[in-house]
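I opened this notebook to record what I looked up in the structure, entry by entry. The terms are explained where they come up.

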Amino acid sequence: MSEESERETNPPPPPPCPTVSQREQWMVESQVFQIYQLFATIPRNAQTLMLELQRDNHMQYVSKGLRHLSSAFSVLDANRPWLCYWIFHSIALLGESVDDELEDNAIDFLNRCQDPNGGYAGGPGQMPHIATTYAAVNSLITLGGEKSLASINRDKLYGFLRRMKQPNGGFRMHDEGEIDVRACYTAISVASVLNILDDELIQNVGDYIISCQTYEGGIAGEPGSEAHGGYTFCGLATMILIGEVNHLDLPRLVDWVVFRQGKECGFQGRTNKLVDGCYSFWQGGAVALLQRLSSIINKQMEETSQIFAVSYVSEAKESLDGTSSHATCRGEHEGTSESSSSDFKNIAYKFINEWRAQEPLFHSIALQQYILLCAQEQEGGLRDKPGKRRDHYHTCYCLSGLSLCQYSWSKHPDSPPLPNLVLGPYSNLLEPIHPLFNVVLGRYREAHEFFFTES
Amino acid sequence: MKEGEQQRVPLRERAEWSDVTPLPQNDGPNPVVPIQYTEDFSQVMDYFRAVYLADERSPRALALTAEAVQFNSGNYTVCQVRIKFFRLRLFLFISSLLQVWHFRRLLLESLKVDLNAELDFVERMAAGNSKNYQMWHHRRWVAEKLGPEARKNELEFTKKILSVDAKHYHAWSHRQWVLQALGGWEDELNYCTELLKEDIFNNSAWNQRYFVITRSPFLGGLKAMRESEVLYTIEAIIAYPENESSWRYLRGLYKGETTSWVNDPQVSSVCLKILRTKSNYVFALSTILDLICFGYLPNEDFRDAIDALKTADMDKQNLDDNEKGEQQNLNIAQNICSILEQVDPIRTNYWIWRKSRLPLSA
């Protein structure tokens with residue numbers, strides 16, 4: 001660099017006093033780096049110990065919640081199917097199961113939450129809500145078995161979803177409730193997995209989600225709001241499930257989501273916010289979904305870069321040979337309206353079985369490091385970040401994120417990963433999940449067989 | 001017990017409730033995830049179920065919904081012991097007391113209650129725990145009923161919450177609704193400027209700024225605002241080039257108009273300026289990379305600045321100044337990806353992927 005240009009670029013004067021965002025960020029960084037530094041200085045066998053997933057303790061922690069929750073949980077009174085889902089899903093991720101009696105009790109309890117007019121409420125006799133419906137359905141799929149799956153009244157549930165459907169394409173969470181991207185995802189997710197998805201439910205959902213993609217690239221809860229990890233996962237998964245994912249600006253979405261992983265190694269939920277273990281799933285899940293959209297992303301990049309042709313001809317060909325992901329982007333041949341009901345009905349199934357996964361776009365080992373060293377409590381349970389307390393929600397979503405990481409290089413969703421891709425002892429390996437629903441893959445397959453061959 | 005807090009009389013000891021038989025929740029014989037409700041909480045809910053089922057539209061029912069809601073407002077005083085309720089602040093799907101809020105709205109309508117008082121009530125509840133969808137949904141409902149007269153109050157209310165937590169998602173979302181439904185846009189851009197002056201890293205304030213310049217009926221839209229906003233943003237970038245918010249905002253100012261973005265010399269020159277400082281240049285490099293992918297032709301100054309960032313061990317073979325035109329651009333883009341792979345290691349996979357997807361000469 002010439003002297004002249006150096007003179008031009010005098011560094012700006014030192015900033016005055018750090019802002020709130022900076023102070024909070026530095027505090028978390030220093031806590032996290034302290035842990036990583038400690039880790040770097042201890043002997044190898046101690047490191048292995050530190051990286052070990054405390055399976056028994058986690059199992060003990062979540063199982064206890066099934067039988068007893070203190071009065072501090074009163075605020076979760078309207079979220080009991082969620083507590084079921086967080087706990088049963090954690091148990092399934094750990095490759096464990098509950099005894100028959102507990103399973104029967106759970107089915108019975110969730111049935112008491114089922115509304116006579118369809119959908120599930122947060123507790124017995126309460127008002128049905130789409131999010132608790134999603135939690136109840138995912139719980140029952142995770143429990144598995146004929147009794148559990150047959151307990152879901154699909155006809156009534158369909159009626160409930162139709163009642164929540166809004167003219168703008170979105171869904172209300174409950175009768176006179178709020179309309180947002182969460183409601184879209186939970187509605188479409190249960191409809192898809194239960195094989196009751198149809199054109200009426202899908203109508204205009206895509207337009208609503210598109211209106212929530214922000215200038216940053218991520219997706220917000222409502223049009224105009226800020227891009228956010230939870231809503232981004234929900235919006236992206238919804239668009240895939242209805243076969244319209246090609247209408248999102250995917251290159252910008254990828255760019256936004258990969259920048260949410262920070263030097264703390266975990267994900268933050270929004271730009272310039274703090275890392276939180278639960279985003280291991282929401283953001284990590286969004287990246288995992290994007291990993292299987294490469295042919296659509298490539299196509300979008302090709303269309304937008306006006307000057308040049310893009311240099312991945314061989315790969316594009318390969319992915320077309322191997323998969324049929326382009327068949328599901330309905331808008332690809334605008335106006336030909338080749339979408340028939342069979343298009344979206346099988347998307348979730350094809351998504352894991354046929355859509356080829358490219359290599360992960362995030363740092364999988366780093367994220368595993370954050371989950372195991374910073375989010376894990378040795379005594380059982382996982383948490384947001386060091387200094388916070390464990391809870392069932394974070395346990396569920398940290399473990400879900402960990403599973404995604406472990407299988408992130410697998411071409412096929414349940415082929416076991418190589419040992420070097422699983423941080424810590426290989427016994428840390430969890431069960432793989434279906435990333436569109438966040439249920440363990442084996443349980444998803446059973447449910448798919450049940451709901452798709454029965455009718 | 002704090003001063004002013006009265007000892008709570010249990011409902012079954014209150015004369016005005018003697019005619020009501022409380023209705024317990026039917027959890028079944030062997031419930032899972034059973035919550036050990038406090039005596040007070042379950043009692044209030046048992047009475048609530050009874051009046052809800054009887055659809056009793058009475059002032060005492062309204063008072064009862066208020067009692068129930070108070071349990072969720074964070075700290076609740078029971079028997080002089082403060083119980084800190086479990087909080088799941090970040091959980092996206094959490095809902096609480098759906099029916100209570102729902103029934104409360106029915107009661108407010110039937111009893112023709114002064115809705116301004118209701119706003120005060122919600123404000124008191126929000127002071128304890130404001131991260132709750134039902135409360136905000138309820139507030140929106142009340143404000144909508146009141147119409148434009150609620151505007152000032154609602155803007156003040158959200159401002160108060162944002163002064164404590166400047167990134168409060170619900171508060172921002174409510175504020176945006178107020179602006180769109182009830183108006184009050186006039187000072188909003190100044191408000192954003194004020195918040196960004198306090199904390200330039202506050203991405204929620206940047207998002208609100210974008211909301212205002214694209215949707216305010218007084219500002220003429222994105223195109224009309226672009227020139228002044230670009231200047232504002234560039235200043236912010238130069239002050240804190242590590243601030244992702246301002247970079248994303250700058251890109252957002254050209255949303256849907258990639259050609260203007262690629263051709264605006266202000267964009268490329270701020271990138272160059274940051275590159276030359278040799279520090280905090282990840283966003284500058286990533287912006288240049290995007291520009292090149294959209295057809296921008298970097299000049300020699302850029303090539304020098306990028307070259308100066310290459311480390312000694314970095315593969316030098318890409319840098320061949322004899323190449324011309326598009327091939328040379330491709331080389332620069334490859335160099336940028338290589339630098340980013342090294343200086344931004346958490347995103348190595350992303351930069352490798354970007355490198356593999358660079359546009360080639362036709």
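Entry 1, terms and ground rules. I call a residue buried when its relative accessible area is under 20%, exposed when it is over 50%, and partly exposed in between, with a 1.4 Å probe and protein chains only. This is a predicted model, in which local features need pLDDT of at least 70 and side-chain atom pairs count only at pLDDT 80 or more, while totals for chains, interfaces and linings use all residues. Residues are numbered from 1 along each chain as its sequence is written, chains are lettered from A and ligands numbered from 1 in the order in which they are written, and side-chain values use heavy atoms, with hydrogens and water left out.

Entry 2, confidence. I noted that the predictor gives the complex an ipTM of 0.93 and a pTM of 0.92. For chain B the average pLDDT (the predictor's confidence in each residue, from 0 to 100) is 89, and 87% of the residues score at least 70. I marked residues 1-5 of chain B, where pLDDT stays under 50 and the model has six contacts beyond four places in sequence, a contact meaning heavy atoms within 4.5 Å. I also marked residues 75-86 of chain B, where the pLDDT is below 50 as well and the stretch has 35 contacts in the model beyond near neighbours in sequence.

Entry 3, the two chains. I read helices (H or I, at least four residues) and strands (E, at least two) as DSSP runs, numbered from the N terminus. Chain A has 22 helices and three strands, and of its 455 residues 64% count as buried. Chain B has 17 helices and three strands, and 58% of its 362 residues count as buried. Taking contacts between residues at least 6 apart in sequence, I found that 72% of those in chain A join residues at least 24 apart, and that the share for chain B is 67%.

Entry 4, the interface. How many residues of chain B are in contact with chain A? I found 96 residues of chain B in contact with 108 residues of chain A. The two chains bury about 9000 Å² between them, 58% of it on carbon and sulfur atoms; buried area here is the accessible area (1.4 Å probe) that two parts lose on being put together, summed over both.

A salt bridge is a side-chain nitrogen of Lys or Arg within 4 Å of a carboxyl oxygen of Asp or Glu, and the rule finds five of them across the interface of chain B and chain A. For the pair A:Asp255 and B:Arg248, the closest N and O atoms are 3.0 Å apart. On the chain B side that touches chain A, helix H9 (residues 203-215) of chain B gives the largest share, seven residues. I also looked up a network of salt bridges, which links A:Arg252, A:Asp255, A:Arg260, B:Glu244, B:Arg248, B:Arg251, B:Asp290 and B:Arg354.

Entry 5, salt bridges within a chain. Over all chains the structure holds 37 salt bridges. In chain A, I looked at A:Arg67 and A:Asp99, whose closest N and O atoms are 3.8 Å apart. A:Arg67 lies in helix H4 (residues 55-67) of chain A and A:Asp99 in the loop between helix H5 (80-93) and helix H6 (100-113) of chain A, so this salt bridge ties together parts that are 32 residues apart in sequence. A:Arg67 counts as exposed at 55% relative accessibility, and A:Asp99 as partly exposed at 41%.

In chain B, are B:Arg209 and B:Glu229 buried or exposed? B:Arg209 is buried at a relative accessible area of 3%, and B:Glu229 is buried at 2%. They form a salt bridge with the closest N and O atoms 2.7 Å apart, which links B:Arg209 in helix H9 to B:Glu229 in helix H10 (residues 221-239) of chain B, 20 residues apart.

Entry 6, one residue in a loop. B:Ile200 lies in the loop between helix H8 (188-198) and H9 of chain B, and is buried, with a relative accessible area of 12%. Leaving out residues up to four places away in sequence, I found that B:Ile200 touches A:Thr19, B:Trp206, B:Ala236, B:Tyr240 and B:Asn243. B:Ile237 is 37 residues away from B:Ile200 in sequence and 9.7 Å away in space, C-alpha to C-alpha.
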